[in-house]
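Let's take a walk through this fold, starting with the whole chain and then stopping at a few individual residues. Have the viewer ready and follow along.

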Amino acid sequence: MTRQRVCIGFDGSSSDDWTAIRIERDDYWQSTPTYGPDGLPTIWDPSSWGGSVPRADVDAAVDELFDRFDVERMYCDPPGWQSEIDRWASKYGDDHVIEWPTYRVTQMHAALDRFVTDLTTGLLTHDGCPITATHVANARKLARPGDKYILGKPNQNQKIDVAMASVLAHEAAADAHASGWVSASKDSYAYIF
């Protein structure tokens, strides 16, 4: 049996912001995967885990995703997670697990512009995850020099981390497609979130 081909977006935090993993199939459909014996979503709110993101759970989720799927690329925002990202790259290959810092204005603006365009045109579709929808709705465009923008949150209580993981998953998939990753099929519906 052939494993589903995906790209992964990872945005991590330790104790204040959330940590999230989103996946995107080769047909531009995105979802929040589940992991572990209870099938929990790969979204971690530290307040639900005693104040800290459960790094062992995140690590177990990444292992499970690489075992369950044929992962072409995993783009990871590195702050606070460099050691884990290095370990994942060592285990799964540095051509599959790639640091993708979201603080780079030019690259982030281009990724956001692609993400918004592909959602608007219906190329990018998704599972309608309600947590992702909330994080996307919370996101604000913050102006930067050169007619660019990055994402920010309106206040500390309105999180955007799952939105960032979604953008990273889509950028990984777009780069994979540009390198010859060919879509096998395309779902016929689109949601805008």
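What percentage of the 193 residues of the protein count as buried? The figure comes to 50%. Keep in mind as you look around that this is a predicted model.

Start with the overall layout. The secondary structure is made up of 5 helices and 11 strands. The radius of gyration is 16 Å, close to the 16 Å given by the globule rule for 193 residues, so the protein is as compact as a globular protein of that length. If you draw a box along the principal axes, the C-alpha atoms fill roughly 45 × 40 × 30 Å.

How is that fold wired together? Take the contacts with a separation of 6 or more: 65% of them are accounted for by residues 24 or more positions apart. On the outside, the protein exposes about 8,900 Å², and carbon and sulfur atoms supply 50% of that area. As for charge, there are 18 positive and 29 negative side chains, and the centres of the two sets lie 4 Å apart.

Now for the aromatics. The structure holds 6 aromatic pairs. One of them is Phe10 with Trp81: the ring centres are 5.2 Å apart and the planes sit at 75°, so this pair is edge-to-face. Phe10 belongs to strand E1 (residues 5–11), while Trp81 is in the loop between strand E7 (70–77) and helix H2 (82–92), so the pair ties together parts that are 71 residues apart in sequence. Both Phe10 and Trp81 are buried. Bring Trp88 into view as well, and you have one aromatic cluster formed by Phe10, Trp81 and Trp88.

While you're at strand E7, have a look at Val71, which is in that strand. Its relative accessibility is 5%, so Val71 counts as buried. Which residues does Val71 touch, leaving aside those up to four places away in sequence? They are Val6, Ile8, Leu65, Phe66 and His96. For a sense of scale, measure from Val71 to Asn157: the two are 86 residues apart in sequence, and their C-alpha atoms are 33 Å apart in space.

Next, the backbone. Most residues other than glycine have a negative phi, which makes the next two stops worth a look. Tyr28 has a positive phi of about 70° although it is not a glycine. You'll find Tyr28 in the loop between strand E2 (19–25) and strand E3 (29–31). Is Tyr28 buried or exposed? At 17% relative accessibility, it falls under the 20% cut-off, so Tyr28 counts as buried.

Asp147 also has a positive phi, of about 60°, and it is not a glycine either. This residue is in the loop between strand E10 (140–144) and strand E11 (148–152). With a relative accessibility of 78%, Asp147 counts as exposed.

Finish with strand E10 itself, where Ala143 has its place. Ala143 has a relative accessible area of 64%, so it is exposed. Not counting residues up to four places away in sequence, Ala143 touches Lys148 and Tyr149. One last distance to check: Ala143 and Val105 are 38 residues apart along the chain, and their C-alpha atoms are separated by 10.0 Å.

Definitions and conventions: Residues numbered from 1 in each chain as written. Predicted model: local features only at pLDDT ≥ 70, side-chain atom pairs only at ≥ 80, totals over all residues. Heavy atoms only, no water. Helix = DSSP H or I, 4+ residues; strand = E, 2+ residues; numbered from the N terminus. Rg over C-alpha atoms; globule rule 2.2 N^0.38 Å. Buried < 20%, exposed > 50% of the residue type's maximum accessible area, 1.4 Å probe, protein only. Contact = heavy atoms within 4.5 Å. Areas by Shrake-Rupley, 256 points an atom, 1.4 Å probe, with all protein chains shown as cover. Lys, Arg positive; Asp, Glu negative; His and termini not counted. Charge placed at Lys NZ, Arg CZ, Asp CG, Glu CD. Phe/Tyr/Trp six-rings, centres within 6.5 Å; stacked < 30°, edge-to-face > 60°.
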